[in-house]
Amino acid sequence: MMVYRQSQLPRRPLVAGNWKMHGLRKDLVEAEKICAATAAGEAGQAEVVICLPATLLISAAPACRSAGVGLGGQHCHDEPSGAFTGDISAEMLKDAGASYVILGHSERRSGHNEGNESVREKASAALRAGLTAIVCVGETRAEREAGEALPVVGSQLTGSIPKKSTPESLVIAYEPVWAIGTGLTPTLQDIAAMHRFIRERIDVDLPGIGDRIRLLYGGSVKPGNAADLLGVEDVDGALVGGASLTARDFMAIAGVYRDFVR
Ligand SMILES: O=C(CO)COP(=O)(O)O
């Protein structure tokens, strides 16, 4: 197991789970196990966050609060309240106990027609409500094969990030669309190049804070590949889908940071 030290990790690592549209009340037992394991130090100094379906947030909030596990939603509207049937506001997520919200996930960009401008408005709403936005970016397979991965991600970033973002209110997740739920991952070199590019681009868009924004890798992160993926320079953690549904797999991933010495 690789030992991470402060000199290698200038930013606090973050391992976030995205449960997507999974989770009935009976599954809260997994969230509670994640909380217990985190409280027992299994993720070391890393921050652990679980982004649950909205229906589970209020029930999960007490265990998360006492374990120091962050709770997140998976999208929000840009208005604080109003006649928007089926939507949920950043303020409502906050009120339910969330401190994070995932925005611009590729499943929402493609399935709900969310463009960069809409993602930016939602991220501004998250800022307004005091939530940290985890803004997702990532290229499709066709875009990567056409050599367009960097410019595509660059314009997603510039278009999706509010100018008022701070290192506390913004996290970026790089999730190549073709790596989500497929078992495929980019090469470690490609991940390193993309994360370096993202950090440089953020420093242009948000001058002076590129170095302090946390960048997550997402897409088929599993216990077996987590140490390699999280060991890549400029990768400050992971956004985990399928493997976040069980405490065993999720904590095996977060456990990469167990020996991190601050
Ligand atoms: O979309 C993801 C996280 O937001 C990644 O999902 P998987 O980890 O299941 O590939």
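## Helix 1 against helix 10

In this predicted model, helix 1 and helix 10 cross in a right-handed sense. Helix 10 comprises residues 247-254, and its axis comes within 9 Å of the axis of helix 1, the two crossing at roughly 30°. Since angles under 35 degrees count as roughly parallel, helix 1 and helix 10 are therefore described as roughly parallel to each other.

The contact is formed by E30, K33, I34 and A37 on the side of helix 1, which meet A247, F250 and M251 on the side of helix 10. Sorted by character, the residues of this contact divide into five nonpolar, no polar and two charged.

## Helix 7 against helix 8

A second helix pair is formed by helix 7, residues 149-160, and helix 8, residues 188-205, which pack at an angle of about 35° with their axes 10 Å apart. The crossing of helix 7 and helix 8 is right-handed.

From helix 7, the residues A149, L150, V153, G154, L157 and T158 take part, and they meet M194, F197, I198, R201, I202 and D205 from helix 8. The residues of this contact divide into eight nonpolar, two polar and two charged.

## The annotated binding site

An unreviewed UniProt entry lists N18, W19, K20, G181, S220, G241 and G242 under "binding site". Although these positions span 225 residues in sequence, no two of their C-alpha atoms are more than 14.0 Å apart, so the listed residues gather at one spot in the model.

## W19 and K20 within that site

Two of the residues that the UniProt entry lists, W19 and K20, can be described further. W19 lies in the loop between strand 1, residues 14-18, and helix 1, residues 28-39, and K20 is likewise placed in the loop between strand 1 and helix 1.

As for their surroundings, W19 has 21 C-beta neighbours inside 10 Å and therefore counts as buried, the cut-off for that class being 20 or more. K20 has 19 C-beta neighbours inside 10 Å and so counts as partly exposed. Leaving aside residues up to four places away in sequence, W19 touches I50, C51, L52 and P53, and also S244 and L245.

Conventions: Residues are numbered from 1 along each chain as its sequence is written. This is a predicted model: local features need pLDDT of at least 70, side-chain atom pairs count only at pLDDT 80 or more; totals for chains, interfaces and linings use all residues. UniProt positions are given in the numbering used here, feature names are shortened, and annotations may be inferred rather than shown by experiment. Helices (H or I, at least four residues) and strands (E, at least two) are DSSP runs, numbered from the N terminus. A residue is buried if 20 or more other C-beta atoms lie within 10 Å of its own, exposed if 12 or fewer, and partly exposed in between; C-beta atoms are placed from the backbone. Two residues are in contact if their C-beta atoms, placed from the backbone, lie within 7 Å. Axes are lines fitted to C-alpha atoms, for helices over the stretch in contact, and angles run from 0 to 180 degrees between N-to-C directions. Angles under 35 degrees count as roughly parallel, over 145 as roughly antiparallel, 65 to 115 as roughly perpendicular and the rest as oblique. A crossing is left-handed if the near helix is turned anticlockwise from the far one by less than a right angle, and right-handed if clockwise. Ala, Val, Leu, Ile, Met, Phe, Trp, Tyr, Cys and Pro count as nonpolar, Asp, Glu, Lys and Arg as charged, and the others, Gly among them, as polar.
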